[in-house]
Amino acid sequence: MKRSFCGQDVIDAYARIADYVAETPLVHSMYLSNAQQNVYLKMESLQSTKSFKIRGCLNKMLSLNDEEKAKGVITVSSGNHGISVAYGAKLLGIREAVIIVPKTTPQSKVDKIRYFGGQVMMMGQNYDEAHVQGMQYVKSHDYTFIDSYYDDPFIYAGQGTIALEILKQNPQIDTILVPVGGGGMLTGIAVAAHQIDPKVQVIGVQTAACPALVKSYQEHRFYEECESAPSICDALIGGIGKLCYEMAKDYIADLLTVEEETIRKAVAHIINYEKFVVEPGGAVGVAALFEKREHIKGRNIAIVLSGGNINETLMLEILNEQAKQ
């Protein structure tokens, strides 16, 4: 299998998954816009699985042959990818979906995996530990592995379909802010946007607690695993994908990191003012606008809200603490 992809692969992915995923709204934000910048929110948190991950999962799973489907599927995930694999298996009639997650995965995500018929296995105290232990399990069992971010071009191309929608919904968009965990969505969006309009600036945003891609490029070292400070962004913790490391630098305009406290403010803002539920990892683009707007020069900015699977206890905690400030 090739270990790179191009804009045409994203176009092909969009045709493959169009009947299965929602074209999520691109909503103008009155509160985040000002006289110099119009800001729009790309609502991937409104997908059926409440995250963008369904795009890459379905693009991959729809490409499987009958023998691969018959084996059942397996993955390692921090939560959202696992939800999408379970949902995709149910949708496509795949008999078994095994989802390996860290023991610290929010209960809301575990519940959704099980709701869609996935078999949950908990391993490790964080994503990197779950990934190491999980991949050992994968190699010793005869399932079809569904990569979450490492180097599968089907996954990357599926995530890139977000850019096709954004630029179709508003051709004036000149800047896209993208949350970065493993980097599949960032790379997919950047490659797709470059094909449509090379002038579009794609900016990746990471939590400062775990800036794996930033460190990789600063230190010229591929961080497949990355230690994290305490973080509420479970979806963004851990290392980055090899394909992201190899390709993203050729397509992205910038990488920003944001502090955990700003991310909490962003979550509260989106719920209180924009009236959408978003998880912390999905809110880092808004946090970047709060914290580093001077680095974001676009006139028409799209911010990808990548997921809405927030733990209820955490959501109430954030709303209560922000209300007191």
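This is a short tour of a predicted model, stop by stop, with something to select at each one.

**Stop 1: the four-stranded sheet**

Start with strands β3, β4, β5 and β6. They make an open sheet in the order β5-β4-β3-β6, with parallel pairing. Pick out β5 (119–122) and β6 (144–145) and you're at the edges: each has a single partner strand, so one side of each is left without a neighbour in the sheet.

Now go inward. Select residues 73–76 for β3 and 97–101 for β4; these two run parallel and are joined by four bridges. For a landmark on this pair, click Thr-75, which stands opposite Ile-99 in β4.

Next, turn on the helices. Helix α5 (residues 107–115) lies across β4 and β5, at about 145 degrees to β5. Helix α6 (residues 127–139) lies across β3, β4, β5 and β6, and runs at about 150 degrees to β3.

**Stop 2: Thr-144**

Stay with strand β6 and select Thr-144. Is it buried or exposed? Thr-144 has 10% relative accessibility, under the 20% cut-off, so it counts as buried. Show what surrounds it: leaving aside neighbours within four places in sequence, Thr-144 is in contact with Leu-64, Glu-68, Lys-71, Gly-72, Val-73 and Ile-74.

**Stop 3: the six-stranded sheet**

Move over to the other sheet on this tour. Six strands form an open sheet here, ordered β1-β2-β10-β7-β8-β9, and the pairing is mixed. At the edges you'll find β1 and β9, each pairing on one side only. On average, neighbouring strands of this sheet are turned by 25 degrees against each other, direction ignored.

Select β7 (residues 175–179) together with β10 (residues 300–305): they run parallel, joined by three bridges. Ile-176 is a handy marker here, as it stands opposite Ala-302 in β10.

Then go to β8 (residues 201–207), which pairs with β9 in the parallel sense over five bridges. Ile-203 stands opposite Asp-254 in β9. How many of the five residues of β9 (residues 254–258) are buried? Four are, so this strand is largely enclosed by the rest of the structure. To finish the stop, show helix α8 (residues 184–196), which lies across β7, β8, β9 and β10 at about 175 degrees to β8.

**Stop 4: salt bridges**

Side chains of opposite charge can pair when their charged atoms come close. The structure holds 13 salt bridges. Try Lys-60 and Asp-152, whose closest N and O atoms are 3.0 Å apart. Lys-60 lies in helix α2 (residues 53–61) and Asp-152 in the loop between β6 and α7 (153–169), so the pair ties together parts that are 92 residues apart in sequence. Lys-60 is buried at 8% relative accessible area, and Asp-152 is buried at 5%.

Now select Arg-264. This residue forms a salt bridge with Glu-317, at 2.4 Å between the closest N and O atoms. The pair links helix α13 (residues 312–323), where Glu-317 sits, to helix α11 (residues 260–274), home of Arg-264. Arg-264 also forms a salt bridge with Glu-321, again with 2.4 Å between the closest N and O atoms. Arg-264 counts as buried at 12%, while Glu-317 is partly exposed at 39% and Glu-321 is partly exposed at 23%.

**Stop 5: a surface patch**

Last, switch on the surface and select Met-30, Tyr-31 and Tyr-273. They form a nonpolar patch with about 370 Å² of accessible area together. Met-30 is in the loop between β1 (26–28) and β2 (38–43), and is exposed, with a relative accessible area of 60%.

Conventions
Residues are numbered from 1 along each chain as its sequence is written. This is a predicted model: local features need pLDDT of at least 70, side-chain atom pairs count only at pLDDT 80 or more; totals for chains, interfaces and linings use all residues. Side-chain values use heavy atoms; hydrogens and water are left out. Patches are made of residues with over 30% relative accessible area and no salt bridge: like charges are joined within 9 Å, nonpolar side chains (Val, Leu, Ile, Met, Phe, Trp, Tyr) within 5 Å. Accessible areas come from the Shrake-Rupley method with a 1.4 Å probe; for residues, only the protein chains shown count as cover. A salt bridge is a side-chain nitrogen of Lys or Arg within 4 Å of a carboxyl oxygen of Asp or Glu. Buried means under 20% relative accessible area, exposed over 50%, partly exposed in between (1.4 Å probe, protein chains only). Two strands pair if DSSP finds at least two bridges between them. Contact means heavy atoms within 4.5 Å. Axes are lines fitted to C-alpha atoms, for helices over the stretch in contact, and angles run from 0 to 180 degrees between N-to-C directions.
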